[in-house]
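Student: I would like to learn how to read a model like this one. Please show me the chain, and then we can talk.

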Amino acid sequence: MYQYDEIDQRLVEERVARFRDQTRRFLAGELSEDDFRPFRLQNGLYIQRHAPMLRVAIPYGVLSASQLRRLAWIARTHDRGVGHFTTRQNIQYNWVKLPEVPDILAALAEVQMHATQTSGNCVRNTTTDHFAGVAADELVDPRVTCELIRQWSTGHPEFAFLPRKFKIAVNGARADRAATGVHDIGLQAVQDAAQGLGYRVQVGGGLGRTPMVGEIVREFLPARHLLTYLDAILRVYNRYGRRDNKYKARIKILVKAMTVERFRREVETEWEHWKDGPATLVEEEVARIEARLKKPAYRALPAGIPAALAARLHHDTDFATWFRQNLHPHKVPGYTNVVLSLKSPDQPPGDASAAQMDAIADWSERFGFGEIRVSHEQNLILPDVALSDLPALYDALCPWKLATPNVGLLTNIIACPGGDYCALANARSLPLAQALQDKFADAAWVRALGPVDLNISGCMNSCGHHHVGHIGILGVDKHGREYYQISIGGAQAPARLGKVIGPSLAPEEVPDALQAMLEAYLKLRLSDAEKFVDTVERVGIVPFRDAVYAPNQEAACA
């Protein structure tokens, strides 16, 4: 992970000092709420339904063991012992006290963390593939690109007050695990035989009130021009984006209103002023970032399955199920990536207790190189586990309820905090997620369904990304009661928006409705796979990731 230099550390500490003074003046009545709001928002502080909420940045989803321990300490000391990991690879604390927030930010700065630009109309935390740097299918490590964007965008004077919030995602692997198509800017690494590494650039994606898939504005952008091209896009948006109506202020609305052809011309014209300018990337700058990314000291390990591991897989069915479901291929032979599911049946999706975070930090050092990842699916990942250590790790995870073998399955539910916390929500997400966990407790049946993404949002802002779930559930207000609208056919990559089916349902009706739908899906698929594929293609909906289920191979992580 990236190690701060003196400049990074000084900037973070100076920002903490400024916010401490702003908070003091607000509490003393010297700053009005209207004056204080932009300061607190750009330091990640919201006023929610019951208490202030603090959103802490986890740049591109990478944490060190010491940082995770500090997050656990904050949860224990300044919250109610829990942190909520989000679909933006951040963590939120839902019960902080306003006078204590400067102290929290100071504690974060001590371990090279911050809450800068986790809210407000600015460039937010850049996200990427949670297996960045360790994925077997990777073209390039996108963490370098993400760090360049972080340093370019943090405190950028021109882009601190954009028409609306702005989100960038970078993907460096063949498979898009960063959902680049539904971001304001999505960058997909590509290799060109003549020009080398570059990016395919999409603009204008996003979910929320008006969900859209981004448009490609450049098929290939040479890597050295990345920041100057981003400058051009942001300047066009800043110039033409609407500020009179916040519901029409996102760049996706601008691209649609302009048409992608005109928007592309405006960007290319603007870029002519900045191309090959001072922000053009040079090898020395890229090397500076790479040098500050801590690299694991991998051992030379055999690529096959060790004998002890093979024996455990043979005689322990529960372990074998977890092995098949929660591991992901690693680029280094003998290692694997282990997903720790934060979706046990009695746990709100994405929540981790302070004790769990401390334990995970310990395991990251015992079984890896002291690094943890946060996924878009609201899980945590140990990225560098030797295959021979898997039995011991599994045995350590089980008592902490972190070995639920449901990654990629129906019960790996993605959900926002919903009406239990958020003042914007129309309905609660967490009780519905719990009801669905209870309804689909038959793990064998869930595995028989194969890969299914189930996403829940408490309102149309889509913090639970319901638009791109194979099954999406949206909380709505109907005559003063909570109801839920169901959509199917969404996907993160290639990005596809789901289609609403049927009327909205009362909360008690949702579990049975989903069961009926899934049983019909399973019956059709198993009885007549050809007819099933023809049906879903004809109506333009491909509900789930694979038309015909093929279980993971046991040796997939080798």
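Student: Why is the sulfur of cysteine 122 not in a bond with the closest cysteine sulfur?

Tutor: First, the ground rules. This is a predicted model, with residues numbered from 1 along each chain as its sequence is written. Local features need pLDDT of at least 70, side-chain atom pairs count only at pLDDT 80 or more, totals for chains, interfaces and linings use all residues, and side-chain values use heavy atoms, with hydrogens and water left out. Now the idea: a disulfide is a pair of cysteine sulfur atoms within 2.5 Å. The closest sulfur to that of cysteine 122 belongs to cysteine 463 and is 15 Å away, too far for a bond.

Student: How many disulfides are there by this rule?

Tutor: The count is 0. Cysteine 416 is in none either: its nearest cysteine sulfur, in cysteine 463, lies 5.9 Å away.

Student: Is cysteine 122 buried or exposed?

Tutor: Burial is read from relative accessible area: buried is under 20%, exposed over 50%, partly exposed in between (1.4 Å probe, protein chains only). Cysteine 122 has 0% relative accessibility, so it counts as buried. Cysteine 416, at 8%, counts as buried too.

Student: Which residues touch the most other members of the largest nonpolar core?

Tutor: In soluble globular proteins, nonpolar side chains tend to be buried together. A nonpolar core is a set of buried Ala, Val, Leu, Ile, Met, Phe, Trp, Tyr and Cys residues joined through side-chain atoms within 4.5 Å. Here the largest has 105 residues, and Leu71, Phe85, Ile185, Phe263, Trp363 and Leu390 touch the most other members. Helix H6 (residues 226-240) gives this core its largest share, 9 residues. A second, separate core has 24 residues, among them Val446 and Tyr521.

Student: You named a helix. What covers the buried residues of H11?

Tutor: Helices (H or I, at least four residues) and strands (E, at least two) are DSSP runs, numbered from the N terminus. Helix H11 covers residues 317-326, and 7 of its 10 residues are buried. These include Phe319, Trp322 and Phe323. Their cover includes helix H10 (307-315), strand E12 (335-340) and helix H13 (390-397).

Student: What caps the N-terminal end of H11?

Tutor: Aspartate 316 does. One of its side-chain oxygens lies 3.2 Å from the backbone nitrogen of aspartate 318.

Student: Which residues is valine 82 in contact with, beyond four places in sequence?

Tutor: Contact means heavy atoms within 4.5 Å. Valine 82 is in strand E4 (residues 82-85). Leaving aside neighbours within four places in sequence, its contacts are Ala75, Tyr93, Asp351, Ala352 and Ser353. At 31% relative accessibility, valine 82 counts as partly exposed. Its C-alpha is 8.8 Å from that of alanine 355, although the two are 273 residues apart in sequence.

Student: Which side chain does lysine 439 join by a polar contact?

Tutor: A polar contact is a pair of N or O atoms within 3.5 Å; within protein, one must be able to donate a hydrogen and the other to accept it, and residues adjacent in sequence count only if both atoms are side-chain atoms. Lysine 439, in helix H14 (residues 430-439), pairs with the side chain of aspartate 512 at 2.6 Å. Pro511 and Gln515 are also among its contacts. Aspartate 137 offers another case: a polar contact of 2.8 Å joins its side chain to that of arginine 177. Aspartate 137 sits in the loop between strand E6 (127-128) and helix H5 (143-153).
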